[in-house]
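Reader: Please take a close look at a single part of this model, the side on which one domain meets the other, and then set it in its wider surroundings. I would like one connected account, with the cut-off behind each term.

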Amino acid sequence: MIDPSARADLIISADWLIPVEPTQTVLKDKAVVVQGGTISEVLDRSEAARRPTEQRIDLPGHVLLPGLINAHGHGAMSLLRGYADDLPLMPWLEDHIWPAEGAHVSADFVRDGSSLALAEMLLVGTTTFSDMYFFPDVVAEVASRTGMRCQLASPVFDMPSAWGSGADEYISKALALRDHCKGRERITVAFGPHAPYTVALDKLEKIATYAAELDMPVHIHLHETAGEVLAAVEARGERPIDTLQRIGLLGPRTQCVHMTDLGEQDIGTLAQTGAQVIHCPQSNMKLASGTCPVPRLLAAGVNVALGTDGAASNNDLNLFNEMHSAALLAKLSSGDPTVLDAAQTLELATLGGARALGLEDVTGSIVVGKQADLIAVDLSGPSTQPLYKPLSQLVYACTGAEVTHSWVAGAALMENRELKTLDVDATIARAREWGRRIQA
Ligand SMILES: [Zn+2]
């Protein structure tokens, strides 16, 4: 029972509120009451004005919505933004990205690259991200310092790297990271097998066993291109998704990233196993990888989240851009402008992401009892006027620069576009230094 005379920690009011749950809902003149980091009430603005509170923020011209969730990325790769462009996936990886990573990746590279990524993501309204990269223990420290919520997909692949000798060591490191991050409320740890073509089958089986025993999420690039699927069929006589299902690696805790080249049978397998799909439309378009059939997946009851992928294949970490691209790509590829409307698209970037990462009880919508992970977006500027439908402006007109405030568990990470937990100038200076070193 709510005691209206109790003092709140924070009350944020705005012209509109989009809770994401229930879907298609846009509320006028509302306020969110925050107590102990959680959303304790959603009230009319006039009533909220009479409530006692430690801090009150009123945002005319703004819409309040859940913080955005970037369900797939490789944060530190932001130091390779624009390093190699306009190439297909395998030559891009094998001739450019992997050699550059081999020469430069270190704990310092990951610390500075992740800081750059987090600064960029925070400035465009992302409050939760999933990261798959070397030295995830370093990413954990950067994330803890900034206060963002994250899932660390501890990478596993067969090749040796600056971070370890091969799959067995990477699997051990994933388990150690899980122990290391225990008790950190904002961090979850997943296994991050890179892809079925970079991790041997017996190692994938080992991950399946551990993941089932420990109830750990598994985050994997899957069906990124038709070429990947064809090569697997030629080598093993089955599609990668069928291999994963056969070895017990496909279930509600499995996050399948990309998922292009899907037939009806594949979609049925995803629906039947409850596996999650993470759609990265800009990366898929830039590398001409293929198209994830989002409307068909949603119609089959498969949960879909959005991810930017790494900045080397996008080249930004901006979920507003990703929402825009996801909606337009779905319409173009299906020949149907009615699919993936603005509300559904925002849902992919919020609640869809929370479900994919197993965080639907924590974040992803403005619901009493969830953590107060919120952003405020200023819709009063020229590119969002006149204002018929806030949802349309968010998905089809906003660029991310309109985000003015963000909070994670009620703590302000950005106020009036100023980051509170990250020194942007110092972060950019270190990124420039890496650019000079990598180009040398
Ligand atoms: Zn990726």
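## The contact between the domains

Author: The centres of domain 1 and domain 2, taken over C-alpha atoms, are separated by 30 Å. Domain 1 is made of two segments, 8-66 and 374-408, and domain 2 runs over 68-356, the bounds coming from an automatic or database domain assignment. The model is a predicted one, in which local features need pLDDT of at least 70 and side-chain atom pairs count only at pLDDT 80 or more, while totals for chains, interfaces and linings use all residues. Residue numbers start from 1 along each chain as its sequence is written.

The contact between the two domains takes 18 residues from domain 1 and 21 residues from domain 2, where two residues are in contact if their C-beta atoms, placed from the backbone, lie within 7 Å. On the domain 1 side, strand 13 (374-378), helix 15 (390-397) and strand 14 (403-408) each supply at least two residues; here helices (H or I, at least four residues) and strands (E, at least two) are DSSP runs, numbered from the N terminus. Helix 15 gives the largest share of that side, five residues. By class, the side of domain 1 that touches domain 2 holds 11 nonpolar, six polar and one charged residues, with Ala, Val, Leu, Ile, Met, Phe, Trp, Tyr, Cys and Pro counted as nonpolar, Asp, Glu, Lys and Arg as charged, and the others, Gly among them, as polar.

Helix 15 deserves a closer look. The buried residues of helix 15 are Pro390, Leu391, Gln393, Leu394 and Val395; a residue is buried if 20 or more other C-beta atoms lie within 10 Å of its own, exposed if 12 or fewer, and partly exposed in between, with C-beta atoms placed from the backbone. As a general matter, an α-helix has 3.6 residues a turn, so residues three or four places apart point the same way. The cover over the buried residues of helix 15 includes strand 1 (8-17), strand 4 (53-66), helix 12 (319-334), helix 13 (342-348) and strand 13.

Strand 14, which also supplies at least two residues to the contact, leads on to a run of hairpins. Strand 14 and strand 15 (residues 411-415) pair in the antiparallel sense over three bridges, two strands being paired if DSSP finds at least two bridges between them. Val408 has Ala411 of strand 15 as its bridge partner, and in this hairpin, which has two residues between the strands, Ala409 takes a positive phi near 50°. Strand 15 then pairs with strand 16 (residues 418-419), again in the antiparallel sense, over two bridges, and Glu415 stands opposite Glu418 in strand 16. Two residues lie between strand 15 and strand 16 in their hairpin, and Asn416 in the turn has a positive phi of about 50°.

Other backbone features lie elsewhere along the chain. Most residues other than glycine have a negative phi, and most peptide bonds are trans. A cis peptide bond, with omega about -10°, joins Glu21 and Pro22, and Pro22 is found in the loop between strand 1 and strand 2 (27-35). The peptide bond from Asn314 to Asn315 is also cis, with omega near 5°, and Asn315 is found in the loop between strand 12 (304-306) and helix 12. Met259 has a positive phi near 55° and sits in the loop between strand 10 (254-258) and helix 9 (264-273), where Met259 counts as buried because 29 other C-beta atoms lie within 10 Å. Ala288, with a positive phi near 50°, lies in the loop between helix 10 (281-286) and helix 11 (294-299); Ala288 is exposed, with 11 other C-beta atoms within 10 Å.

For the wider setting, the secondary structure of the protein chain comes to 16 helices and 16 strands. Buried residues make up 53% of its 440 residues, and residues 24 or more positions apart account for 73% of the contacts with a separation of 6 or more. The radius of gyration of the protein chain is 21 Å, which agrees with the value near 22 Å for a compact globule of 440 residues; the radius is taken over C-alpha atoms, and the globule rule is 2.2 Å times the number of residues to the power 0.38.
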